[in-house]
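Biologist: Please take one part of this model and look at it closely. I want its packing, then its setting in the rest of the chain.

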Amino acid sequence: MTGFLTPEEARGYDCPTARIHGDGKSGKCRADKCILWRWLPLPAEHPLFRSAVKRECACLAQEEAEKSGKPAKNSDHYLKKAVANVAKNPAGFGVPDHDTGWCGLGSKPE
């Protein structure tokens with residue numbers, strides 16, 4: 001398995017730790033039913049979510065400064081709106097879906 005996958009996608013891969021069954025077929029990944037499965041953190045806890053919120057705060061501050069012709073307020077002033085914008089469309093801001101994970105047998109994908 002490579003990268004972050006939904007459990008449905010992961011089930012299409014062979015499991016490197018599964019035993020060979022009597023039918024001679026290798027076992028498939030059990031994804032979220034396996035003790036090795038690791039979930040991505042929920043979006044608000046994900047570092048990419050936090051980074052996207054910071055970028056959105058800066059963009060909102062810059063937009064207001066350009067409209068008003070006045071210096072931008074501290075970007076934290078826009079935090080609530082930035083969080084709402086990123087939460088509406090996480091993928092649009094580069095935040096992976098929280099319904100994805102990876103096989104904990106290897107290292108965490110980047």
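Modeller: What follows begins with one helix and then moves outward to the rest of the chain.

This is a predicted model, so local features need pLDDT of at least 70, side-chain atom pairs count only at pLDDT 80 or more, and totals for chains, interfaces and linings use all residues. Residues are numbered from 1 along each chain as its sequence is written, and side-chain values use heavy atoms, with hydrogens and water left out.

First, the frame. The chain has three helices and two strands. Both kinds of element are DSSP runs, numbered from the N terminus: helices are H or I, at least four residues, and strands are E, at least two. From the N terminus on, the order is α-β-α-α-β. Buried residues make up 25% of the 110 residues. Here buried means under 20% relative accessible area, exposed means over 50%, and partly exposed lies in between, with a 1.4 Å probe and protein chains only.

Now the part itself, helix α2. It covers residues 47–68. Its 22 residues should span 32 Å at 1.5 Å a residue, and the end C-alpha atoms are 32 Å apart, which agrees. The expected span is 1.5 Å times one less than the number of residues. After α2 comes Gly 69, with a positive phi near 75 degrees.

Which residues of α2 are buried? They are Phe 49, Ala 52, Val 53, Glu 56, Cys 57, Leu 60, Ala 61 and Ala 65. The cover over them includes α3. In soluble globular proteins, nonpolar side chains tend to be buried together.

That list feeds the largest nonpolar core, ten residues in all: Phe 49, Ala 52, Val 53, Cys 57, Leu 60, Ala 61, Tyr 78, Ala 82, Val 86 and Val 95. Such a core is a set of buried Ala, Val, Leu, Ile, Met, Phe, Trp, Tyr and Cys residues joined through side-chain atoms within 4.5 Å. Two or more residues come from each of α2 and α3 (79–88). Helix α2 gives the largest share, six residues. Tyr 78 reaches several partners: Cys 57, Leu 60, Ala 61, Glu 64 and Lys 73, not counting residues up to four places away in sequence. A contact here means heavy atoms within 4.5 Å.

Apart from this core lies another, of five residues, among them Leu 5, Cys 29, Ala 31 and Trp 37.

Back to α2 and its odd member, Glu 56. Glu 56 is buried yet has no salt bridge. A salt bridge would need a side-chain nitrogen of Lys or Arg within 4 Å of a carboxyl oxygen of Asp or Glu. The nearest side chain of opposite charge is Lys 81, 7.2 Å away. For charge, Lys and Arg count as positive and Asp and Glu as negative; His and the chain ends are not counted. Glu 56 does touch Ala 82, Asn 85, Val 86 and Phe 93, leaving out residues up to four places away in sequence.

Leu 79 of helix α3 also meets α2. Leu 79 is in contact with Val 53 and Cys 57, its neighbours within four places in sequence left aside. Leu 79 and Val 53 are 26 residues apart in sequence and 7.3 Å apart in space, C-alpha to C-alpha. Leu 79 is partly exposed, at 41% relative accessible area.

Sequence-distant contacts matter for the wider picture too. Among contacts between residues at least 6 apart in sequence, 60% join residues at least 24 apart.

Away from α2, there are two aromatic pairs. Rings of Phe, Tyr and Trp (its six-membered ring) pair if their centres lie within 6.5 Å; planes under 30 degrees apart are stacked, over 60 edge-to-face, and the rest tilted. Phe 4 and Trp 102 are edge-to-face, 5.9 Å centre to centre, with 75 degrees between the planes. Phe 4 lies in the segment before α1 (7–10) and Trp 102 in strand β2 (residues 101–103), so the pair ties together parts that are 98 residues apart in sequence. Phe 4 is partly exposed at 25%, while Trp 102 is buried at 10%. Trp 37 and Trp 39 are also edge-to-face, 5.9 Å centre to centre, at 85 degrees. Trp 37 is buried at 7%; Trp 39 is partly exposed at 42%.
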